[in-house]
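This briefing introduces a single structure to a reader who has not met it before. Please look over the sequence and the model shown here before reading on.

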Amino acid sequence: MPSGDALQRRLSTQSSRVHNETYQFAKEMSGQPFSLSDMYAFQNQLLDMSNASWASSQYTQFKFGIRKAIIDAIN
């Protein structure tokens with residue numbers, strides 16, 4: 001299942017990228033006055049990070065379910 005591994009790597013990379021962007025945004029804004037638009041931007045970054053984590057976990061559950069179904073079908 002090489003394409004599955006590529007998808008997992010892509011999800012992992014996306015999750016890591018979003019996490020780093022969120023961290024950088026927070027780091028840049030620390031110690032500075034912030035506006036309502038900054039709060040919305042940060043909330044959107046957190047939502048992106050949450051979505052990336054959710055997609056990765058759903059894919060992991062899917063892979064596990066497929067493998068389990070195959071093993072159950074063989075037995």
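Is Q43 buried, partly exposed or exposed? With a relative accessible area of 48%, Q43 is partly exposed, as this value falls between the 20% limit for buried residues and the 50% limit for exposed ones. The model is a predicted one, and the points below move from the chain as a whole to helix α2 and then to individual residues.

**Overall form of the chain**

- The protein chain contains two helices and zero strands.
- Its radius of gyration is 18 Å, whereas the globule rule gives 11 Å for 75 residues; the value is well over that figure, so the chain is more spread out than a compact globule.
- Along the principal axes, the C-alpha atoms of the protein chain occupy a box of roughly 60 × 20 × 15 Å.

**Surface and charge**

- Of the 75 residues in the protein chain, 16% are buried.
- The protein chain has an accessible surface of about 5900 Å², and carbon and sulfur atoms account for 61% of that surface.
- The protein chain carries 7 positive and 6 negative charges, and the mean positions of these two groups lie 10 Å apart.

**Helix α2**

- Helix α2 covers residues 36-74, a run of 39 residues.
- At 1.5 Å a residue, helix α2 should span 57 Å, and this agrees with the 57 Å that separates its end C-alpha atoms.
- The buried residues of α2 include Q45, A52, S56, Y59 and K63.

**Buried residues of α2 and their contacts**

- Q45, a residue of helix α2, has a relative accessible area of 15% and is therefore buried, since buried means under 20%.
- Neighbours up to four places away in sequence aside, Q45 touches V18, E21 and T22.
- S56 also belongs to helix α2, and S56 is buried with a relative accessible area of 15%.
- Apart from residues up to four places away in sequence, S56 touches Q8 and L11.
- S56 and R9 are 47 residues apart along the chain, and their C-alpha atoms are separated by 9.5 Å.
- K63 is likewise part of helix α2, and K63 is buried at a relative accessible area of 13%.
- When neighbours within four places in sequence are left aside, K63 is in contact with D5 and Q8.
- Q8 thus appears among the contacts of K63 and among those of S56.

**Partly exposed residues of α2 and distances along the helix**

- Q43 lies in helix α2, and so does I70.
- I70 counts as partly exposed, with a relative accessibility of 48%.
- Q43 and I70 are 27 residues apart along the chain, and 41 Å separates their C-alpha atoms.
- From I70 to F42 the separation is 28 residues in sequence and 42 Å in space, C-alpha to C-alpha.

How values were computed: Residues are numbered from 1 along each chain as its sequence is written. This is a predicted model: local features need pLDDT of at least 70, side-chain atom pairs count only at pLDDT 80 or more; totals for chains, interfaces and linings use all residues. Side-chain values use heavy atoms; hydrogens and water are left out. Helices (H or I, at least four residues) and strands (E, at least two) are DSSP runs, numbered from the N terminus. The radius of gyration is taken over C-alpha atoms; the globule rule is 2.2 Å times the number of residues to the power 0.38. Buried means under 20% relative accessible area, exposed over 50%, partly exposed in between (1.4 Å probe, protein chains only). Accessible areas come from the Shrake-Rupley method with a 1.4 Å probe; for residues, only the protein chains shown count as cover. Lys and Arg count as positive and Asp and Glu as negative; His and the chain ends are not counted. The place of a charge is taken as NZ of Lys, CZ of Arg, CG of Asp or CD of Glu. The expected span of a helix is 1.5 Å times one less than its number of residues. Contact means heavy atoms within 4.5 Å.
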